Amino acid sequence: MPVPDHDADERIVWQGDYITAKTRGRWEYVGRPRNIRAAVILAVDAQDHVLLVEQYRVPLGKYCIELPAGLVGDEAEFDGEDPLAAAGRELEEETGYRAAVLEDLGCFWSSPGMVSESFTLVRARELTRVGDGGGIGDENIIVHRVPLSDIRSFIDGKRADGCGIDVRMLLLLGQKILAGE
């Protein structure tokens, strides 16, 4: 079956430090320069609480509830960094927790019709609190430790408060939605 535009030349329209706008045939999309990827962390502690972060996202114009995450290889000092190493670093910076075990759950794409960026989903286990979290610099991240049994009401409450909800929250809501809860 022919695929329109699959063999058209890719053209960079604009490139910043972290985003590249491209076209291929009639498609317009964005990606990351310099092979920057992301690591997204699913961190559930021994008491079945999940670690979530809340931070202001300029493109949304509001705070957003998300899994902890960060870029892999975005700065010169982290060039060539392994996604698991990045995940461990980002988990500690954002949440104040350190994982004894980090497991690569595979590569995923967030919105493949618009964004070429991929992320590695990492499961973090055997968590120990080692700091306050909150991110670095001016990230101002709010850490939430939420019982998995209350995830639906937590997300509903944050949505009612005006927060955006990252699509990855479907990982946590999925079984509840399928069960009709």
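Start in the middle: select Val50, Leu52, Leu67, Ile151, Met169 and Leu172, which touch the most other members of the largest nonpolar core, a set of 19 residues. Keep in mind as you click around that this is a predicted model. Now colour the elements that give two or more residues to this core: β4, β5, β9, α2 and α3, the last of these at 170-178. There is also a second, separate core of 13 residues, and Ile41, Ala43, Leu51 and Ala87 are among its members.

Stay with the first core for a moment and centre on leucine 172. Which residues does leucine 172 touch, leaving out those up to four places away in sequence? Show Leu42, Val50, Leu52, Leu67, Leu148 and Ile151, and you have the set.

**The open sheet**

Next, switch to a cartoon view and pick out β10, β5, β6 and β11. In that order these 4 strands form an open sheet with mixed pairing. At the edges you'll find β10 (142-147) and β11 (164-165), each pairing on one side only. Inside the sheet, look at β5 next to β6 (residues 62-66): the two run antiparallel and share 5 bridges. For a landmark on β6, select glutamate 66, which has valine 53 standing opposite.

Two helices are worth adding to this view. Helix α1 (residues 83-95) packs on the sheet and touches β5 and β10, with its direction at about 75 degrees to that of β5. Helix α2 packs on the sheet too, touching β5, β6, β10 and β11, and its direction makes about 145 degrees with that of β10.

**Around helix α2**

Zoom in on α2, residues 151-160, and show side chains. Which of its residues are buried? Select Ile151, Phe154, Ile155 and Lys158. These residues sit on the same side of α2, because they cover an arc of only 95 degrees around the axis. The spacing has a simple background: an α-helix has 3.6 residues a turn, so residues three or four places apart point the same way. Now spin the helix to the face turned away from the buried side, where you'll meet the exposed residues Ser153 and Ala160. Just after α2 comes glycine 162, with a positive phi of about 100 degrees.

**Two cysteines**

Select cysteine 64 and cysteine 163 next. How many disulfides does a search of the whole structure find? The count is 0. Cysteine 64 is in no disulfide, and its nearest cysteine sulfur, in cysteine 163, is 7.6 Å away. That is too far for a bond. Are these two residues buried or exposed? Cysteine 64 is buried, with a relative accessible area of 4%, and cysteine 163 counts as buried at 9% relative accessibility.

**Off to β1, β2 and β3**

For the next stop, select isoleucine 12 together with arginine 145. They are 133 residues apart in sequence, and their C-alpha atoms are 41 Å apart in space. Leave arginine 145 behind and centre on isoleucine 12, in strand β1 (residues 10-15). At 48% relative accessibility, isoleucine 12 counts as partly exposed. Apart from neighbours within four places in sequence, isoleucine 12 is in contact with Thr20, Ala21 and Lys22. Lysine 22, in β2, is the residue standing opposite isoleucine 12.

Widen the selection to both strands. β1 and β2 (residues 20-24) pair in the antiparallel sense over 5 bridges, and a hairpin of 4 residues joins them. Then follow the chain on to β3 (residues 27-31), which pairs with β2, again antiparallel and over 5 bridges. Here alanine 21 stands opposite valine 30. The β2-β3 hairpin has 2 residues between its strands, and glycine 25 in the turn has a positive phi of about 65 degrees.

**Two backbone oddments**

Finish with two residues other than glycine that have a positive phi. Aspartate 48 has a phi near 60 degrees and lies in the loop between β4 (37-43) and β5 (49-57). Aspartate 48 counts as partly exposed, because its relative accessibility is 47%. Glutamate 126 has a phi near 55 degrees, but where does glutamate 126 lie? Look in strand β9, residues 118-129. At 52% relative accessibility, glutamate 126 counts as exposed.

Conventions:
Residues numbered from 1 in each chain as written. Predicted model: local features only at pLDDT ≥ 70, side-chain atom pairs only at ≥ 80, totals over all residues. Heavy atoms only, no water. Buried < 20%, exposed > 50% of the residue type's maximum accessible area, 1.4 Å probe, protein only. Arc of directions from axis to C-beta. Core = buried A, V, L, I, M, F, W, Y, C linked by side-chain atoms within 4.5 Å. Contact = heavy atoms within 4.5 Å. Pairing = 2+ DSSP bridges. Axes fitted to C-alpha atoms, helices over the stretch in contact; angles between N-to-C directions. Disulfide = S-S within 2.5 Å.
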